[in-house]
Amino acid sequence: MFDLTRQWAKVGKDVMAAISEFLPKQQLVLGEAVATFEAALAERLGIKHVVSVSNGTDALLIALTALDIGPGDEVVVPAFTFFSTASVVARLGARPVFADIKSETFNLNPDALRRALSPRTKAVIVVHLFGQPAELDDILAIADSKKIPVIEDCAQAQGARWHEKEVGTFGKCGCFSFYPTKNLGALGEGGAICTEDESFAKRLRRIRAQGSEVRYVHEELGGNFRLSSIQCAALSAKLPHLDSWLELRRRNAQFYNENLEGVGDIILPSVVNNAMHSWNQYSIRTIRRDSLREFLKENGVGTDVYYPRPVCLQPAFEELGYLPGDFPSADRVSHEVLSLPIFPELELAELEYVAGMIRDFFS
Ligand SMILES: Cc1ncc(COP(=O)(O)O)c(C=O)c1O
């Protein structure tokens, strides 16, 4: 499913050189390496401010904190996403209100969003799942009409574009993850928040550092959410490679599109108009998902299921009272979805092998 050693074989030299330059300075927390990476990512995104943080989950938590989300508030999130999109809402004492997705796109259904809004809605978290931009024109229009801020969860979508513009730059802010298997991966955990809004960026930085701007004066409750400077040095060395990795992900997706079309009952991932998908995952659907997965495993092909149950049905959200069937598209997709290997360094022979095995299964 992933082989990070292949990436390291290509970029390890650059990363080691950056770290060798970084280490003798011993500026291990914040400092030049962090500022340099934040500026480089901001330039790539075409946005004013990037605040690096400990990981993608904390990026979402900090963004919600900076919007003063708390008890009594509701935040709309898709019913089909990674757990942390919703858990951060509940951790702040607010209520995650789930809305169904479109099964064709795996992303928030704008009509479902409209129905989920209430006078208590204080924010919407829109997820660009698997690297496919959500339908931002409609979603932003709905949220803007009620003056509700939109947080973009771009954890899986580094490099994706909507109308030629990078995702993360449309809402109040965009939250990224640099988990090693993401499109831009750190040497461990990492994340970032981007925003155009200067005073919001200032608040994000304050929350990142124990709610403090002046040493030992704590204006509010924050945390220790800094991204290690050594990670920033490594990420700066990796960032110039991102476009070539995205290109290879696109090539791999194209290969599967051409070679799995019409095979069995497979539904290929569709790309919505105006979107440039960044293919963090290539996720097909089939009602024979579990037996296909088993067959591929027996034949040496790693796959994964993102996600085997809608997030609203997780035990941690039991008290919210959601039931199977509440979100039919999220339910259906959770039984049918299967993600295939798509990492950039896959070789053509491997892609052919995966596609061949899938064809064998259905014949
Ligand atoms: C959609 C989504 N949101 C948030 C996160 C959280 O990111 P992290 O693992 O860096 O905390 C992830 C991580 O996989 C994710 O896929």
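Colleague: Which helices each supply at least two residues of the shell around the ligand?

Modeller: Helix 3 (56-66) and helix 4 do. Keep in mind that this is a predicted model.

Colleague: And which residues come nearest to the ligand?

Modeller: The shell has 15 residues, and the nearest are Gly 56, Thr 57, Phe 82, Ala 155 and Ser 177.

Colleague: How do the residues of that shell divide into nonpolar, polar and charged?

Modeller: There are nine polar residues, four nonpolar and two charged.

Colleague: Let's move to the sheet. How do I read strand pairing?

Modeller: Here's the general idea: strands of a sheet pair through backbone hydrogen bonds, and the sense is either parallel or antiparallel. In this model, seven strands make an open sheet with mixed pairing, in the order 1-9-8-5-4-2-3.

Colleague: Which are the edge strands?

Modeller: Strand 1 (49-53) and strand 3 (95-99), each of which pairs on one side only. As for twist, neighbouring strands of the sheet are turned by 25° against each other on average, ignoring direction.

Colleague: In which sense do strand 1 and strand 9 pair, and over how many bridges?

Modeller: Antiparallel, over five bridges, with strand 9 covering residues 191-195. To find the register on screen, pick His 49: Thr 195 in strand 9 stands opposite.

Colleague: What packs on the sheet there, touching strand 1 and strand 9?

Modeller: Helix 2 (residues 32-45) does, and its direction makes about 130° with that of strand 1.

Colleague: Back to helix 4, then. Which strands does helix 4 lie across?

Modeller: Helix 4 (residues 83-91) lies across strand 2 (74-78), strand 3, strand 4 (121-127) and strand 5 (150-153). Relative to strand 2, helix 4 runs at about 170°.

Colleague: Now the domains. Where does the domain assignment put the bounds?

Modeller: Domain 1 is 4-240 and domain 2 is 241-362, according to that assignment. Their C-alpha centres lie 24 Å apart.

Colleague: How many residues does the contact take from each domain?

Modeller: It takes 38 residues from domain 1 and 31 residues from domain 2. On the side of domain 1 that touches domain 2, helix 1 (4-22), helix 4 and strand 6 (161-162) each supply at least two residues.

Colleague: Which element gives the most to that side of domain 1?

Modeller: Helix 4, with four residues. So you meet helix 4 again here, after seeing it supply at least two residues of the ligand shell.

Colleague: And by class, what does the side of domain 1 that touches domain 2 have?

Modeller: The split is 17 nonpolar, 13 polar and eight charged residues.

Note on methods: Residues are numbered from 1 along each chain as its sequence is written. This is a predicted model: local features need pLDDT of at least 70, side-chain atom pairs count only at pLDDT 80 or more; totals for chains, interfaces and linings use all residues. Two strands pair if DSSP finds at least two bridges between them. Axes are lines fitted to C-alpha atoms, for helices over the stretch in contact, and angles run from 0 to 180 degrees between N-to-C directions. Two residues are in contact if their C-beta atoms, placed from the backbone, lie within 7 Å. A residue is near a molecule or strand if its C-beta atom, placed from the backbone, lies within 6 Å of it. Ala, Val, Leu, Ile, Met, Phe, Trp, Tyr, Cys and Pro count as nonpolar, Asp, Glu, Lys and Arg as charged, and the others, Gly among them, as polar. Domain bounds come from an automatic or database domain assignment.
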